[in-house]
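Hi,

Here is the structure I said I would pass on. Have a look at it first, and then read my notes below.

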Amino acid sequence: MSLSTTTSHLTILPSLPSTSQLSHRFSFTFPEKRNQKTSHTTLFSSSSRSTTFLVKSQTTSVSSSEAVKVTSVPSEMKAWVYGEYGGVDVLKFDSSVAVPDVKEDQVLVKVVAAALNPVDGKRRQGKFKATDSPLPTVPGYDVAGIVVKVGSEVKELKVGDEVYGDVNEKALEGPKQFGSLAEYTAVEEKLLALKPKNLDFVQAASLPLAIETAYEGLERTGFSSGKSILILNGSGGVGSLLAKQVFGASRVAATSSTRNLELLKSLGADLAIDYTKENFEDLPEKFDGNVTGQ
C-alpha cells in the first residue's frame, strides 16, 4: 500500500458506536509471556553503530502502575533531531530542544514509548520533502505516553490520561515538525485514544501506524465478516493485525518463515504456511473457501 494516502483512522469500526475510541476498538487481549519483563523503549541511549543507535532496550517493565509521574512541564527537552536530509548520520541528539506549544485542540504528551516505521527513514532521506514540514525535524509518528497539558478546546482527554496514537493525521502531507522521538510531543486530541489497560506503553506505541495500514488495506478490498483471507507476511507488524479480531474473518491463512509459524498460530491463524517450504499451488486443498490476498 502506498503511504501517500494513508491517514489516521481514529473514528469508527463496523458495529461500534460513534463514541468508541481506539482504546475500546482494539482492546483485544495480546498473548502474555508470564514471568518475563517487558522491554522498554528508551529514546535517549546511543550505540557506536549508526544503524542501531536510535532505539535501545532495557529490562524495565513499563506498566500503567509504573507510569511516568506527571510533573511541571519544562521549557526545553531532549530529542533526536535532523537539520538536513540524508542517512542515519544526520540524526543528532539534542538536549535543549524547545518543548512544542499546545494549540487549542491539542494535548501535550509526556512520551513513555515511541515506535519507528519505514516512513520515518524515507522522510529523513527527503523522499517527500516537497510536502514535508520545515527543517529541523524531530522524527517519529507513533507514541504512547501521559497527557500533561490540554488545550482550551480539548473535551475528552485530561491531564494524567494514558494515551496512544499516530501524531500525524496524514503520513506524507505536512507531518509534524515535532514528532514522537522526544520527551514531549503535541498532538491533536482526535488522533489519540486512551491506552487499553491490557497493553503496556511499549505495546501500545507499536500499534498505531501499522494498525491504520492494516485497517485501510482491509477496508479497500471490501473485506467483511465471514470471508476467508490469505495474508502474506502474516507475522509482520501489519500482517498480524485486525483480519480476525476486528473484521471477523471466518478463516485466516498466513505466511511466514519457519521460525514464526507458532507465532502465527498464537495470533489466530487457521493455517500457518511456511513460505520457504510450502507450494502455494497446494493451498486450495488445505484451505477451503474464497481467499482474498493481502
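A small one to start with: which residue in β12 is the bridge partner of threonine 255? The partner is isoleucine 273. I'll come back to that part of the chain further down.

Before you read on, please keep in mind that this is a predicted model.

**The overall picture**

The protein chain has 294 residues, and 48% of them count as buried. Its secondary structure comes to six helices and 13 strands. If you take the contacts in the chain with a separation of 6 or more, 68% of them are between residues 24 or more positions apart.

**Strands β10, β11 and β12**

Back to the strands from the opening question. β11 covers residues 251–256, and because five of its six residues are buried, this strand is largely enclosed by the rest of the structure. β10 and β11 run parallel and are joined by four bridges. One pairing to look at there is serine 228, whose bridge partner in β11 is arginine 251. β11 is also joined to β12 (residues 271–274), again by four bridges and again in parallel. The threonine 255 and isoleucine 273 pair belongs here.

**Helix α4**

Next, have a look at α4, which takes in residues 208–220. From the first C-alpha to the last, its 13 residues reach 18 Å, close to the 18 Å expected at 1.5 Å a residue. How many of the residues of α4 are buried? The count is 11 of the 13, so the helix is largely enclosed by the rest of the structure. Among the buried ones are Pro208, Leu209, Ile211, Tyr215 and Leu218. And what do they pack against? The buried residues of α4 pack against two helices, α2 (118–124) and α3 (201–205), and against strands β6, β7 and β10 (228–231). Just after α4, you'll find glycine 222 with a positive phi of about 75°.

α4 also holds a salt bridge, between arginine 220 and glutamate 216, with the closest N and O atoms 2.6 Å apart. The two residues are four apart in the helix, about one turn. Their surroundings are worth a look: arginine 220 is exposed, with a relative accessible area of 54%, whereas glutamate 216 is buried, at 5%.

**Aspartate 142, a buried charge**

This is the residue I'd zoom in on. Aspartate 142 sits in strand β6 (residues 142–150). Where is the nearest side chain of opposite charge? That side chain is arginine 123, 11 Å away, and aspartate 142 is buried yet has no salt bridge. In general, side chains of opposite charge can pair when their charged atoms come close. What the side chain of aspartate 142 does reach is the backbone nitrogen of leucine 209, at 3.1 Å. Leucine 209 is one of the buried residues of α4.

Leaving out residues up to four places away in sequence, aspartate 142 touches several others, including Ala113, Ala114, Asn117, Gly165, Ser180 and Pro208. Ala114 turns up in another spot too: its C-alpha is 9.4 Å from that of tyrosine 164, although the two are 50 residues apart along the chain. Tyrosine 164 lies in strand β7 (residues 162–166). Is tyrosine 164 buried or exposed? With 1% relative accessibility, tyrosine 164 counts as buried.

**More salt bridges**

A search of the whole structure finds nine salt bridges. Besides the one in α4, here are two you can look up:

- Lysine 170 pairs with glutamate 173, with 3.6 Å between the closest N and O atoms. Lysine 170 is partly exposed, at a relative accessible area of 38%, and glutamate 173 is partly exposed as well, at 44%.
- Lysine 265 and glutamate 262 meet at 3.4 Å, N to O. Both lie in helix α5 (residues 261–266), three residues apart, which is about one turn of the helix. Lysine 265 counts as partly exposed at 48% relative accessibility, while glutamate 262 is exposed, with a relative accessible area of 55%.

That's what I have for now. Shout if anything is unclear.

Cheers

Technical notes
Residues numbered from 1 in each chain as written. Predicted model: local features only at pLDDT ≥ 70, side-chain atom pairs only at ≥ 80, totals over all residues. Heavy atoms only, no water. Buried < 20%, exposed > 50% of the residue type's maximum accessible area, 1.4 Å probe, protein only. Lys, Arg positive; Asp, Glu negative; His and termini not counted. Salt bridge = Lys/Arg side-chain N within 4 Å of Asp/Glu carboxyl O. Polar contact = N/O pair within 3.5 Å; in protein donor to acceptor, adjacent residues only side chain to side chain. Contact = heavy atoms within 4.5 Å. Expected span 1.5 Å × (residues − 1). Pairing = 2+ DSSP bridges.
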